[in-house]
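Colleague: I am just starting out with protein structures, and I would like a close look at one part of this one. Could you take me to the largest pocket and tell me what surrounds it, with a little background on the rest of the protein?

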Amino acid sequence: MVSASASRRASASRRAPAPRRATAARRAPAARRDRRRLAADAGLLVAAAAFVLPLAWVVLSALDPHASLRVKVPDGVTLEHFDAVLTPEITFTPLLNSLMLCGGATLLTVVCAALAAYPLSRFRSRLNRPFLLTILFATSLPITAIMVPVYALFVRVDLIDTMQGTIFFFAASQLPFAIWLMKNFMDGVPKELEEAAWTDGASSFQSLLRIVLPLMGPGVAVVTVFSFVMMWGNFFVPFMLLLSPDQMPASVSINDFFGNRGMVAYGQLAAFSIVYSTPVVLLYVLISRRLGGGFALGGAVKG
């Protein structure tokens, strides 16, 4: 009996370190996850710094009476840079031109994209895929590669130095990707809802206008914001197609702050940049609820 109990105690003592080994084995993956998380956080901090530093320079330089290219806390605070740029010639007229150009082109882009994406989403054809691939190829064309023939064409059709010609080209350049986005969002709307409307006598255009577009509000908001932002920051197109100084948008007039011989009015440039970015920020704030919402389709096809 004594020898049996002694052997059991010996075997139990030999098995005792097993829980410690299991605990150590469980801690190793946790430690690796912690290291990965720390590495990911460090990478995100570096990326955030890359975005924050230019924004910090813009805000600080707009208030610094001795603004330079360095990011530094200003010695004093002044609003002289805003007073210098808030004039009709420097800011108000170019901003109005930008709103006319980008607003009109965005409206035209969204309307044409919805009308083009609807048959691609709702009707099956052997030409759908080649057409979508053509659209995808069109989005990869660099704008500089087509500006020379576009300029020659605009001269021939008397659209050079006109707001409507620039609006048409803006819309045409953004339309391929807008169609691609709109079609993907439209695929998420159940076709059964339209079939019920067709049964009640609605036409395809009425079902698109009253059923599909209201249900894909977030998708329309995404296309609107994306198109407007891409046009708002475009310098090359209006610089090439518009010749009159009184028609130049803000994206081109910002070049006036870069003087000759490398002299730059950094404070005025920063103040103008803040004013210039305000419409985009306001647009995003106004439709942020639509961007954050989902498609209101829950229970729509039940019954």
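Modeller: Happy to! Let us begin with a term: a residue is called buried when its relative accessible area is under 20%, exposed when that area is over 50%, and partly exposed in between. Please keep in mind that this is a predicted model. Of the 303 residues in the protein, 32% are buried. The protein has 14 helices and zero strands, so reading along the sequence you meet one α after another.

Now to your pocket. The largest pocket has a volume of about 400 Å³. It is lined by 16 residues, and those closest to its centre are Ala138, Thr139, Leu141, Ser173 and Gln174. By class, the lining holds 12 nonpolar and four polar residues, with no charged ones.

Which helices supply at least two residues each of the lining of the largest pocket? They are helix 5 (128-139), helix 6 (143-156), helix 7 and helix 10 (217-232). Helix 7 gives the most, with seven residues.

Helix 7 deserves a second look. It covers residues 163-186, and a kink of about 45 degrees lies in it at leucine 175, shortly before proline 176. Look at the start of helix 7 too: there, a side-chain oxygen of threonine 162 reaches to within 3.3 Å of the backbone nitrogen of glycine 165.

For some background, try the cysteines. A search of the whole structure finds zero disulfides. Is cysteine 102 buried or exposed? Cysteine 102 has a relative accessible area of 2%, which is under 20%, so it counts as buried. Cysteine 112 has a relative accessible area of 30%; because this lies between 20% and 50%, cysteine 112 is partly exposed.

Finally, here is a residue to practise on. Glutamate 80 lies in helix 3, which covers residues 80-85. With a relative accessible area of 57%, glutamate 80 is over the 50% cut-off and therefore exposed. Glutamate 80 and glycine 267 are 187 residues apart in sequence, yet their C-alpha atoms are 8.8 Å apart in space.

To return to your request, the picture to keep is a pocket of about 400 Å³, with helix 7 giving the most to its lining and no charged residues in that lining.

Conventions: Residues numbered from 1 in each chain as written. Predicted model: local features only at pLDDT ≥ 70, side-chain atom pairs only at ≥ 80, totals over all residues. Heavy atoms only, no water. Helix = DSSP H or I, 4+ residues; strand = E, 2+ residues; numbered from the N terminus. Buried < 20%, exposed > 50% of the residue type's maximum accessible area, 1.4 Å probe, protein only. Bend = angle between axes of the 7 residues up to and from the residue. Polar contact = N/O pair within 3.5 Å; in protein donor to acceptor, adjacent residues only side chain to side chain. 1 Å grid on protein atoms, 1.4 Å probe; cavity = no way out; pocket = protein on both sides within 12 Å on 5 of 7 lines; lining within 4 Å. Points joined across faces, edges and corners; volume = space filled by probe spheres on them. Nonpolar A, V, L, I, M, F, W, Y, C, P; charged D, E, K, R; others polar. Disulfide = S-S within 2.5 Å.
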